[in-house]
Amino acid sequence: MKLKVAKFGGSSLANADQFRKVRSIVLADESRRYVIPSAPGKRYAEDSKITDLLYLCHAHVQHAVPFEEVFQIITDRYLGIVAELGLDLDIGAELKIIKEKIKNHASLDYIASRGEYLNGIILANYLNYAFVDAAEVVFFKQNGSFDAERTNVVIAQRLSKYPKAVIPGFYGSTPNGEIKIFSRGGSDITGAIVARGVQADIYENWTDVSGFLMADPRIIDNPKPIETITYRELRELSYMGASVLHEETIFPVRKAGIPINIKNTNDPVHPGTLIVNEAKRTAAITGIAGRKDFTVIHLEKNLMKSDIGFVRKLLTIFEMNGVYFEHIPSSIDTLSIVITDYQIENKLDKIIREIQQQCNPDALEVYPNMALIATVGQGMSYTPGMAAKLFTALANANINIRMIDQGSSEINIIVGIETQDFEKAVHAIYNAFVE
Ligand SMILES: Nc1ncnc2c1ncn2[C@@H]1O[C@H](COP(=O)(O)OP(=O)(O)O)[C@@H](O)[C@H]1O
Ligand SMILES: N[C@@H](CC(=O)OP(=O)(O)O)C(=O)O
């Protein structure tokens, strides 16, 4: 029999009705033996995610502001779900313990992780599966990095004792027993880690869209779904802002050769998107994704290539200021460094001064408020005319391109444009390549 690991996102577990859909999906297939829930997400656009409310509780306590009102919203949502599902489960007792810990200044990671913890207990009870606390099977090292090998061994051992189990997403523990979370959206990573640990045949990632779409549905109306995509293409798209899957999700499953299937909890018969190691190359693009809030520092220096050590000096400045960069497109005498805005807040002036002093460029310009858009497809590099089509589409839409980066992976072309042109640019590219 096949073995499937199924992760359900916050949108799939936002209320009792969504829990009912999840139950019928899980019970419809005997092989869905390990289930990873997120915390309840938004029920409607203006609603709050439980995880956001938990962060808010922590912030209130930090600022010595009463947090009880926010915690009551959380309590009511969980009690409501349990009551509506008719479960014989005292989730109130768990909530009381958590409230006490928040009052006593529990860590942010502990507080944020409780959304998944509580949802895991409820879902396990509802499915009649065992509950395995992620703190006992997902491990971080003392320096905060994820301990992949220890986790893999323990998951294989522990879960072999349970034919069917629910393991909450998003968190694990450190060697001294403290709770630690992944970055936001990290339940996807837990699902991938469990899939690798139990050597699943497939990792199903259940969400509220019918798979990966060719563009963000909040920008393009009804974008076409992607049937098959390679891990590499997906990594480029999710890194660039296609937020369906956390960008780190693919590492554990790719290593183990386990395909990921993105599926829609609200339309379970739709095949969704299959993410695999290799796919047929076509001349079509696979998808478009982008992110806002970048700053580009553009440098010019004649005979840059013969100034041995120029790039090293430049990158050392960023390293010494604790800033990492996203891209460094370059040509013979020019080089741009792309950085996320939040990283250089309050550091930009100092960095610029140091570059002027230590690298002595002929020209230096800073472009704030930049957005990057990646057009991704395995055929990007070998199909003639792809770049021309992209640039023509942007030119026709009157969009100024500030930066171009084809990257060494050659499966995408990234353009830097002004943030205010972002949505217009996504439309222009989508219309040129897809419509
Ligand atoms: N290219 C894309 N394809 C599909 N969804 C996308 C894309 N880019 C952004 N999204 C957004 O990602 C959302 C799903 O991710 P997420 O909110 O993390 O779901 P979940 O609650 O299931 O974890 C979709 O509702 C959609 O708005
Ligand atoms: N609940 C966490 C982790 C997560 O993965 O959630 P979701 O599956 O709803 O994106 C968050 O909001 O970040």
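**Close-up views of a predicted model**

**View 1. Surroundings of L372 in strand 13.** Leaving aside neighbours within four places in sequence, L372 makes contacts with M240, G290, R291, F294, V338, I414 and G416. The model shown here, as in every view that follows, is a predicted one. L372 itself belongs to strand 13, which covers residues 363-376, and the residue is classed as buried because 25 other C-beta atoms lie within 10 Å, where 20 or more are required. R312 is not one of the residues listed around L372; 60 residues separate R312 from L372 in sequence, and their C-alpha atoms are 25 Å apart in space.

**View 2. L299 and its partners in contact.** L299 is a residue of strand 11, and, with 20 other C-beta atoms within 10 Å, L299 is buried. When residues up to four places away in sequence are not counted, L299 touches T334, L335, P361 and L364. For one of these partners, L364, the C-alpha atom is separated from that of L299 by 4.6 Å, although the two residues are 65 residues apart along the chain.

**View 3. Packing of helix 2 against helix 3.** The axes of helix 2 and helix 3 come within 9 Å of each other and cross at roughly 150 degrees, and since an angle over 145 degrees counts as roughly antiparallel, the two helices are therefore described in that way. The crossing of helix 2 and helix 3 is left-handed. On the side of helix 2 the contact is formed by I50, L53, L54, L56, C57 and H60, and on the side of helix 3 by V70, F71, I73, I74 and R77. Sorted by class, the residues in this contact of helix 2 with helix 3 comprise nine nonpolar, one polar and one charged.

**View 4. Packing of helix 3 against helix 4.** Helix 4 spans residues 91-103, and its axis comes within 10 Å of that of helix 3, with a crossing angle of roughly 165 degrees; helix 3 and helix 4 are therefore roughly antiparallel to each other. The crossing of this pair, helix 3 with helix 4, is right-handed. From helix 3, the residues F71, T75, Y78, L79 and V82 meet I91, G92, L95, K99 and I102 from helix 4. The contact of helix 3 with helix 4 divides by class into seven nonpolar, two polar and one charged residues. F71 also takes part in the contact of helix 2 with helix 3.

**View 5. Packing of helix 10 against helix 12.** Helix 10 (residues 310-320) and helix 12 (residues 348-359) have axes that come within 10 Å and cross at roughly 155 degrees, and these two helices are therefore roughly antiparallel to each other. Their crossing, that of helix 10 and helix 12, is right-handed. The residues that meet are F310, K313, L314 and I317 in helix 10 and I351, E354, I355, Q358 and C359 in helix 12. This contact of helix 10 with helix 12 consists of six nonpolar, one polar and two charged residues.

**View 6. Two loop residues with positive phi, A64 and L303.** Most residues other than glycine have a negative phi. A64, which is not a glycine, nevertheless has a positive phi of about 55 degrees, and L303, likewise a residue other than glycine, has a positive phi near 55 degrees. A64 is found in the loop between helix 2 (50-62) and helix 3 (68-85), whereas L303 has its place in the loop between strand 11 (287-300) and helix 10. With 7 other C-beta atoms within 10 Å, A64 is exposed; L303 has 10 C-beta neighbours inside 10 Å and so also counts as exposed, the limit for that class being 12 or fewer.

**View 7. The shell around ligand 1.** Around ligand 1 there are 20 residues, of which G9, S11, T207, L213 and A242 come nearest. By class, this shell around ligand 1 is made up of seven nonpolar, ten polar and three charged residues.

**View 8. The shell around ligand 2.** Ligand 2 is surrounded by 15 residues, and the closest of them are G9, G10, S38, T51 and S187. The residues of the shell around ligand 2 divide into two nonpolar, ten polar and three charged. G9, listed here among the closest residues to ligand 2, is also listed among the nearest residues to ligand 1.

Note on methods. Residues numbered from 1 in each chain as written. Chains lettered and ligands numbered in written order. Predicted model: local features only at pLDDT ≥ 70, side-chain atom pairs only at ≥ 80, totals over all residues. Helix = DSSP H or I, 4+ residues; strand = E, 2+ residues; numbered from the N terminus. Contact = placed C-beta atoms within 7 Å. Near = placed C-beta within 6 Å. Nonpolar A, V, L, I, M, F, W, Y, C, P; charged D, E, K, R; others polar. Axes fitted to C-alpha atoms, helices over the stretch in contact; angles between N-to-C directions. Parallel < 35°, antiparallel > 145°, perpendicular 65-115°, else oblique. Left-handed = near helix turned anticlockwise from the far one by under 90°.
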